Amino acid sequence: MSQLPLRAQLASALGRTAATLSRATGRGDGSVIGGRVGLMLEPDLLRKLATDRKLALVSATNGKTTTTRLIASALMELGEVATNAFGANMPAGHVSALSGAKHAPFAVLEVDEKYLPEVLDTTNAGIVSLMNLSRDQMDRAAEIWLLAQKWRRALAGKPAHVIANCDDPLVTWGASTAARVTWVSGGQRWREDSWCCPECGGPLDRGGSREMGQQGSVHWACRECTFHRPEPDWVLDGEDVIDPHGRRWRLDLQLPGEANRSNAAIALATVDAFGLDPARALPRLRTVTSVAGRYTTVERDGRALRLLLAKNPAGWLEAFEVSDPRLPIILSVNAQGPDGRDTSWLWDVDYRILRGRPVYVTGERRLDLALRLDVAGIPFQLCDSFDQAVAALPLGRIDVIANYTAFQQIRTEFGRAV
Amino acid sequence: MQSELSIVWIYPDLLSTYGDQGNALVLEQRARARGVPTRIHHVRSSDPVPQQGDIYLIGGGEDRPQILGAERLRKDGGLQSAIARGAAMLAVCAGYQIMGSVFGGEEGQPVPGLELLDISSSRGERRAVGELAAEVDPALRLPTLTGFENHMGVTRLGPGVRPLSRTIVGTGNGDGTEGCVAGKIIGTYLHGPALARNPALADLLLSWAIGPLPPVNDEWYQRLRDERLSAVLGDQA
Ligand SMILES: [Zn+2]
């Protein structure tokens, strides 16, 4: 890539120093503070850092960090890749990621859904990958219909090639103003936010006849206007991905669950847009075992705890799918800023799937979760701390599901497990 | 009430932004705890609203779904008939505004409501987001209201309704009051599962539908209320 102007170089270097200091003083991954310092010194830094690279932006309500990691891992087959591996997904984090790998010809950035229009405008990214939209912490997040509307406006009239999950009606609507879209049938597990047509508000008819198989079950069309699911170019079919040439690829990921297979399908379609064939990309996707502590197993006093992150109702549904129904489970819920201060979303999660399992409840908002489980008729044990929950459990394997800051607290106890 | 208590959840496909299902689940649990068979009916916006329900619930939503929901309910007429027949209702946030004569649309334009409550709403200057605590109208004999609000609405109460409560913390209607009550209808800005934090309000709705209720074990409800009220009110609690 071309040389940065002097001011941008200086800003970028100072940002890296701040990041190193932040890490050295144990305040965090350093990616946000570093980028903030850089942006303060040179507001146009992100634009300059993005110039002359082949850049993909990745956005969704869930799976952003994992999909970004999968894409970045695969692209390393082609050369050096700049990426925000720590999930710092706003412009400061992007600046930090790009200045940390100045000469990388490729970049893949996880982008917060709200910031996508701004980051797309600034970076002029050539590729944008969009997976899903569902209700999230609404005391800070935008309303999702409005969010999809903003994506439409941001993508209209730009040359970006969009890779989008056509099984999510709201994502389809958000992506469909783009000049070029590759549609991926990645499935949709959480459907409570897509019963109505984003175009006209009419009812969406979901599913199809069983004879149509899996493809039938993901089909959707508006009953009142012409908006309907586009024909996919890539299809996730159980354990396999079928590419646009009709070739079938067995995924064999180490990351568990259908949501990650869906993330991998998007990743394969995205790297294909970089010119990387699934034959070369797949072995690299299979090397990813955990992402920023997600899916990691940590040990304590004879117990093997697998850490699952779930930030919103769709995320909990995915975590339950991955969780082993034979194991005891610890649930930990906080309501700090990044979690959303409102715990209402607990009532959108169907906890009845936990019936019959030993359930341990902890976290700063454990009483909110306790009442929720009580109303669902799920027996549980309330624990004042994570340690108390672990100590109460028999030796052996245990699953842990926690929301954002609760997850980070647990991860910190294990030395920021990766 | 006929053979079972019928709870009608209106338009979960449009107006169920955040945990609104909780109100239906809490009513169901507390009715069953009194030995009352209960059924929750989910009524999507493409379906007619049944007129024979006992308690109607309507929740929060984004601007566009709110306008769509109001249009469909006006055309459908089922809810209006049910209320005229004497059914009870809890209307939350966007659903609360829809029950008035008018509310503010996406661009602040006035959108006609159902006129089931003598209120009118418009868009305020800033979003009210956070915990809310309020003293309930003494005539209703309910403990302090607690919950979370997240809205931009300002609601003026007409002479046909009484304020549900006076705010201690939070914005509510915007004039120091929060929510309203008229006949067997309660409106509130406490979004999502307001009844989970206010089981006495749930019991009030149930008693309107099925008569006097014996007490039930409220342990988890009480512990959550105590924790939230002391977090929000501190020493005032
Ligand atoms: Zn339509």
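Leaving aside its neighbours within four places in sequence, with which residues is Cys222(A) in contact? In this predicted model, Cys222(A) touches Cys197(A), Glu199(A), Cys200(A), Gly202(A), Leu204(A), Phe227(A) and His228(A), once residues within four places in sequence are set aside.

**The cysteine site of chain A**

Two of these contacts, Cys197(A) and Cys200(A), are listed together with Cys222(A) and Cys225(A) in the UniProt record, where an unreviewed entry gives them the feature "binding site". Although these positions are spread over 29 residues of sequence, they cluster in space, with a largest C-alpha distance of 8.5 Å. Cys222(A) belongs to strand 8 (residues 220-222) of chain A, whereas Cys197(A) lies in the loop that runs between strand 6 (180-185) and strand 7 (204-206) of that chain. Cys197(A) is in contact with Gly202(A), Leu204(A), Cys222(A), Glu224(A), Cys225(A) and Phe227(A), again without counting residues up to four places away in sequence.

The table sets out the surroundings of Cys197(A), Cys222(A) and the annotated arginine of chain B, Arg127(B).

| Residue | Other C-beta atoms within 10 Å | Class |
|---|---|---|
| Cys197(A) | 23 C-beta atoms | buried |
| Cys222(A) | 20 C-beta atoms | buried |
| Arg127(B) | 14 C-beta atoms | partly exposed |

Cys222(A) counts as buried because it has 20 other C-beta atoms within 10 Å, and the class requires 20 or more. For chain B, the UniProt record lists Arg127(B) under "binding site", likewise from an unreviewed entry, and this residue is found in strand 7 (residues 119-136) of chain B.

**Strands 6, 9 and 10 of chain A**

Strand 6 of chain A, which precedes the loop holding Cys197(A), pairs in the parallel sense with strand 9 (residues 234-237) over 2 bridges; Ser185(A) has Val235(A), in strand 9, as its bridge partner. Strand 9 of chain A also pairs with strand 10 (residues 240-242), here in the antiparallel sense and over 3 bridges, and Asp237(A) is bridged to Asp240(A) in strand 10. The hairpin of strands 9 and 10 of chain A has 2 residues between the strands, and in this hairpin Gly238(A) takes a positive phi near 65 degrees.

**The open sheet and helix 13 of chain A**

Further along chain A, 6 strands form an open sheet of mixed pairing, in the order 12-13-17-14-15-16. Its edge strands are strand 12 (297-300) and strand 16 (381-382), each of which pairs on one side only. Within this sheet, strand 13 (residues 303-309) and strand 17 (residues 396-402) of chain A are paired in the parallel sense over 7 bridges, with Arg303(A) standing opposite Gly396(A) of strand 17. Helix 13 of chain A lies across strand 14 (329-332), strand 15 (359-362) and strand 16, and runs at about 145 degrees to strand 15.

**Contact between the chains**

The interface brings 22 residues of chain A into contact with 29 residues of chain B. On the side of chain A that touches chain B, the elements giving two or more residues are helix 7 (144-155) and helix 13 (366-376), and the largest share, 6 residues, comes from helix 13 of chain A. By character, the residues on this side of chain A divide into 13 nonpolar, 2 polar and 7 charged. Helix 13 of chain A thus takes part both in the packing across strands 14, 15 and 16 and in the contact with chain B.

Note on methods. Residues numbered from 1 in each chain as written. Chains lettered and ligands numbered in written order. Predicted model: local features only at pLDDT ≥ 70, side-chain atom pairs only at ≥ 80, totals over all residues. UniProt positions renumbered as here; feature names shortened; annotations may be inferred. Helix = DSSP H or I, 4+ residues; strand = E, 2+ residues; numbered from the N terminus. Buried ≥ 20, exposed ≤ 12 C-beta atoms within 10 Å, placed from the backbone. Contact = placed C-beta atoms within 7 Å. Pairing = 2+ DSSP bridges. Nonpolar A, V, L, I, M, F, W, Y, C, P; charged D, E, K, R; others polar. Axes fitted to C-alpha atoms, helices over the stretch in contact; angles between N-to-C directions.
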